[in-house]
Amino acid sequence: MPSYSIDGVIPVVDPTAYVHPSAVLIGDVVVGPGCYVGPCASLRGDFGRIVLQEGSNVQDHCCIHGFPDQDTVVEVNGHIGHGAILHSCIVRRDALVGMNSVVMDEAEIGEQAIVAACAFVPAGMKVPARSLVAGIPAKVKKMLSEEEIAWKLEGTQTYQALTARSLASLREVAPLQQMEPDRPRLPASDVRSLIATRRG
């Protein structure tokens, strides 16, 4: 992975974490045990510290940055969806930040809360624990059910399994020129989409 020191500060990656080779880590970045950092993610610890706590995931094309003297933190089992932007904020334990959403300076996403895809969480907003926020700017839409919280945890556990799969088997290869007969499929996962969960 491209990993850069700045002013003598070097990123830290726990050996049980997986950081994709195209992700970029700069400076004061700490990636904890069992974390997953996806392709083309940018974690720029060139002003303030960035901390990913155990079991959290930061998916492809996410951008994380912050101000001096303000840690940007994703707590245990935090789940940051594709293309999300976090800036000088805190995502509490078991919370989810949806795809292409933005969480601004000094905002705090409460434990087990969900930020909907494409939401804009303004600077200083405190998202209540176990709530769903959505919109531009984000507003509380409802409190989450036990089933919705369980669905989020299933998704996070799938990314924790992906960490182990990636460490064990993800390798750069040359692509095949044509599809082989009896092409294998990837192992099935128990995680279901939110729509499938609702239908169930």
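Which residues does Ser166 touch, not counting residues up to four places away in sequence? Select Ser166 to begin: Tyr18, Tyr36 and Arg171 are its contacts beyond that range, where contact means heavy atoms within 4.5 Å.

Before going on, note that this is a predicted model, in which local features need pLDDT of at least 70 and side-chain atom pairs count only at pLDDT 80 or more, while totals for chains, interfaces and linings use all residues. Residues are numbered from 1 along each chain as its sequence is written, and side-chain values use heavy atoms, with hydrogens and water left out.

**Stop 1: helix 1**

Keep Ser166 selected and extend the selection to residues 146-169, which make up helix 1. Helices (H or I, at least four residues) and strands (E, at least two) are DSSP runs, numbered from the N terminus. Ser166 lies in this helix. Helix 1 has 24 residues and reaches 34 Å from its first C-alpha to its last, close to the 34 Å expected at 1.5 Å a residue. The expected span is 1.5 Å times one less than the number of residues.

Ser166 counts as buried because its relative accessibility is 3%. Buried means under 20% relative accessible area, exposed over 50%, and partly exposed in between (1.4 Å probe, protein chains only). Colour the other buried residues of helix 1, including Glu148, Ile149, Lys152, Gly155, Thr156, Tyr159 and Thr163. An α-helix has 3.6 residues a turn, so residues three or four places apart point the same way.

**Stop 2: the tyrosines**

Next, select Tyr18 and Tyr36, two of the residues that Ser166 touches. The structure holds 2 aromatic pairs. Rings of Phe, Tyr and Trp (its six-membered ring) pair if their centres lie within 6.5 Å; planes under 30 degrees apart count as stacked, over 60 as edge-to-face and the rest as tilted. Tyr18 and Tyr36 form a stacked pair, with 6.0 Å centre to centre and 25° between the planes. This pair links distant parts of the chain: Tyr18 is in strand 3 and Tyr36 in strand 5 (residues 36-37), 18 residues apart. Both tyrosines are buried. Add Tyr159, and ring pairs link Tyr18, Tyr36 and Tyr159 into a cluster.

**Stop 3: the sheet**

Now show the strands. In what order do the 8 strands of the open sheet stand? The order is 3-5-7-10-13-16-19-20, with mixed pairing. Strand 3 (18-19) and strand 20 stand at the edges, each with a single partner strand, so one side of each is left without a neighbour in the sheet. Two strands pair if DSSP finds at least two bridges between them.

Select strand 16 (residues 114-115) and strand 19, which run parallel and are joined by 2 bridges. Here Val115 stands opposite Val133 in strand 19. Then move to strand 19 (residues 131-134) and strand 20 (residues 139-143), an antiparallel pair joined by 4 bridges. Ser131 faces Met143 in strand 20. These two strands form a hairpin with 4 residues between them, and Gly135 in the turn has a positive phi of about 105°. In a regular strand the side chains alternate between the two faces of the sheet.

**Stop 4: salt bridges**

The structure holds 9 salt bridges. A salt bridge is a side-chain nitrogen of Lys or Arg within 4 Å of a carboxyl oxygen of Asp or Glu. Select Glu148 and Lys142, whose side chains meet in one at 2.6 Å, N to O. Glu148 counts as buried at 16% relative accessibility, whereas Lys142 counts as partly exposed at 35%.

Asp94 and Arg93 form another, at 4.0 Å, N to O. Asp94 is buried at 15% relative accessibility, and Arg93 is partly exposed at 39%.

A further example is Arg183 with Glu180, whose closest N and O atoms are 3.0 Å apart. Arg183 is partly exposed at 47% relative accessible area, and Glu180 is partly exposed at 28%. To see a network, select Glu75, Arg92 and Glu108, which are joined by salt bridges that share partners.

**Stop 5: the cysteines**

How many disulfides are there? The count is 0, a disulfide being a pair of cysteine sulfur atoms within 2.5 Å. Select Cys62: its sulfur is 8.8 Å from the closest cysteine sulfur, in Cys63, which is too far for a bond. Cys89 is in no disulfide either, as the nearest cysteine sulfur, that of Cys63, is 11 Å away. Cys62 is buried, with a relative accessible area of 1%, and Cys89 is buried at 1% relative accessibility.
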